[in-house]
Amino acid sequence: MKTTVQVLLLVLFLGACKAGKNYTGVEVVVPAAFQASTDPTESAISDSVNTLDLAKAGDANLEWWSYFDDPLLDTLIRSALRYNRNVNIAAERLMQNRYALRLQNAELLPKIGVQASAERGNFLFNQIGQVNELFIAGAGLNWEIDFWGRLRNQSDAARYQLLASEHGLKSLQLSLIADVAATYFNWLQALEELEIAERNLALRDSMHRIIVARFDEGIIQQTDVDQSNILKNIAAGAVPQFQRKSVQLENALNFLIGRNPTRLPKGRSLPELVVDVDTDRFSPVELLENRPDILEAEYLLMAQHAQVGVAKASRLPTISLNATLGIITDNFREWDLSNPLWNIGGQLMGPLFFWGQLKRRVDIEQSREFQQLFAYENTVLNALREVEDVKVEIRTLHEEIIAAVERKKSALNAQYLSGERYTQGVTSYLEVLESQRQAFDAELALVQLRQALLSAHIQYYKVVGGGPLTENTTSPQD
């Protein structure tokens, strides 16, 4: 008995061995600062090698949208996070991986089963005799000693898959918030464009009536009437175009929040949603710790690294213990517990000649690990590119809006003056037509730029993995 215990302790001690190397992190080369946030004269930007520490990775701030102070937008995003079907699918996938981890962890523990049997006949224990009865009840134990860490590596892989799915869910939530907000801003843009088109149609219709009256009095020619009618119908055609656009975007919003198409109440206007982004808030290293898709990619790499350990351990022998404890009787009413049946033993099984199959399995898993490493590096490169793109987009859109505001003021003023000059007979109607067209285009262009800037704010939030904004009251206004 003492020898058996010693052997068991030795096996458990050696079970601490583990095939494969522990994961030590990934070295990625990232710039010390984003290009868009540096002085162009400082062309030398040093690169640094950084190893991501997942223990310091922060969660995305999923209430970032509250800085817009729009109750309707807040309601839409919260509804989408709760009812969007894709988010629900990802949440269920997360639960599935959580169950898979518990299932895999249970493989490390001994398995205990029970069995019972009843027999009657004249052929028992391979002997023919009188009719007898035999009743057996017992329990069995089987335990695979994780000598080389195969089960532990499988457990690690399941745990990393779970963590990857958690960050995958966060990444999907970030994308959903960005999609809802961008679609909402597009919808507000369509409503603004519809209002401009209706106002422009009313102006051109009023002007057309005046021109027709002047033609009836013989003051102007037929060409002025035709040109005025053309301009009025161009404006009339724009109204249903923007009506269609607004309804389709409204339907898209309803789809994102997981409900049937329905009419939405009017929220705030685009000029009221003035929020700016501190685009220097994150450094490239912090980006690695904050973007959920980067964290997801590394956890997938860690899971595949554990699978390499599983493949390596599969080339080595497995050791398992088994035991049985039970009782036997030939009378169902009499069970003698003083003399139980029992046995205890062990088993060692290992590959001998598999003609390189197990080695090739290791090679395959290592190749998959390299693929996952390249996918991780590609995710990092794409994240850096996206941040650079959106930073320069925000900066240049601010500059465009400043010019667009001045363009709109001048165009509306020119439209008014041209109408006055035409009424006084100082200029031709061609000047009025051109000034009205430029005013209409200038108003639409400013609305489009404002929507683009708000969408760029959303995109910045998405590409940095979430984070608060700072309000800015210096944005150009009418």
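Asp-69 lies in the loop between strand S2 (47-51) and helix H2 (71-83). Asp-69 is not a glycine, yet it has a positive phi of about 55°. This is a predicted model, and in it the chain has nine helices and six strands. Buried residues make up 40% of the 478 residues in the chain. Among contacts between residues at least 6 apart in sequence, 82% join residues at least 24 apart.

**Loop residues**

- Asp-69 has a relative accessible area of 54%, so it counts as exposed, a class that begins over 50%.
- Trp-355 also has a positive phi of about 55° without being a glycine.
- The loop that holds Trp-355 runs between strand S6 (341-349) and helix H8 (357-423).
- Trp-355 is exposed because its relative accessible area is 78%, and exposed means over 50%.
- Ile-219 is found in the loop between H4 and helix H5 (222-256).
- With a relative accessible area of 48%, Ile-219 is partly exposed, because that value falls between the limits of 20% for buried and 50% for exposed.
- Ile-219 and Gly-425 stand 206 residues apart in sequence, and their C-alpha atoms are 9.9 Å apart in space.

**Aromatic rings**

- How many aromatic pairs does a search of the whole structure find? The search finds six.
- Tyr-184 and Phe-185 form one aromatic pair, with 6.0 Å from centre to centre and 55° between the planes, and this pair is tilted.
- The rings of Tyr-184 and Trp-187 have their centres 5.9 Å apart and their planes at 45°, so this pair is tilted as well. The reason is that an angle of 45° is neither under 30 degrees, which would count as stacked, nor over 60, which would count as edge-to-face.
- Tyr-184 and Trp-187 both belong to helix H4 (residues 150-216), where they are three residues apart, about one turn of the helix.
- Are Tyr-184 and Trp-187 buried or exposed? Both are buried.
- Tyr-184 has 0% relative accessibility, so it counts as buried.
- Phe-185 is likewise buried, with a relative accessible area of 0%.
- One aromatic cluster is formed by Phe-68, Tyr-184, Phe-185 and Trp-187.

**Charges over rings**

- Arg-159 lies over the face of Tyr-160, at 5.0 Å from the ring centre.
- Arg-204 has its charged end over the ring of Phe-440, 5.4 Å from the centre of that ring.

**Buried residues and their contacts**

- His-167 is placed in helix H4.
- The relative accessibility of His-167 is 9%, so this residue counts as buried, which means under 20%.
- Which residues are in contact with His-167, leaving aside its neighbours within four places in sequence? They are Pro-292, Leu-295, Glu-296 and Tyr-299.
- Leu-94 belongs to helix H3 (residues 85-105).
- Leu-94 counts as buried because its relative accessibility is 10%, under the limit of 20%.
- Leaving aside neighbours within four places in sequence, Leu-94 is in contact with Leu-162, Ser-165, Glu-166 and Leu-169.
- The C-alpha atoms of Leu-94 and Gln-161 are separated by 9.0 Å, although these residues are 67 residues apart along the chain.

**Cavities**

- The structure holds three cavities of 30 Å³ or more.
- The second largest cavity contains about 60 Å³ of space.
- Its lining is made by Glu-144, Ile-145, Asp-146, Phe-147, Trp-148, Arg-150, Ala-313, Pro-317, Thr-318 and Ile-319.
- Which elements give two or more residues to the lining of the second largest cavity? They are strand S4 (127-145) and strand S5 (318-329).
- By type, the lining residues of the second largest cavity divide into six nonpolar, one polar and three charged.

Notes
Residues are numbered from 1 along each chain as its sequence is written. This is a predicted model: local features need pLDDT of at least 70, side-chain atom pairs count only at pLDDT 80 or more; totals for chains, interfaces and linings use all residues. Side-chain values use heavy atoms; hydrogens and water are left out. Rings of Phe, Tyr and Trp (its six-membered ring) pair if their centres lie within 6.5 Å; planes under 30 degrees apart count as stacked, over 60 as edge-to-face and the rest as tilted. Buried means under 20% relative accessible area, exposed over 50%, partly exposed in between (1.4 Å probe, protein chains only). Helices (H or I, at least four residues) and strands (E, at least two) are DSSP runs, numbered from the N terminus. A charge sits over a ring if NZ of Lys or CZ of Arg is within 6 Å of the ring centre and within 35 degrees of the ring normal. On a 1 Å grid over the protein atoms alone, a cavity is a set of points where a 1.4 Å probe fits but cannot get out, and a pocket is an open set with protein on both sides within 12 Å along at least five of seven lines; lining residues have an atom within 4 Å of a point. Grid points are joined across faces, edges and corners, and a volume is the space filled by probe spheres set on the points. Ala, Val, Leu, Ile, Met, Phe, Trp, Tyr, Cys and Pro count as nonpolar, Asp, Glu, Lys and Arg as charged, and the others, Gly among them, as polar. Contact means heavy atoms within 4.5 Å.
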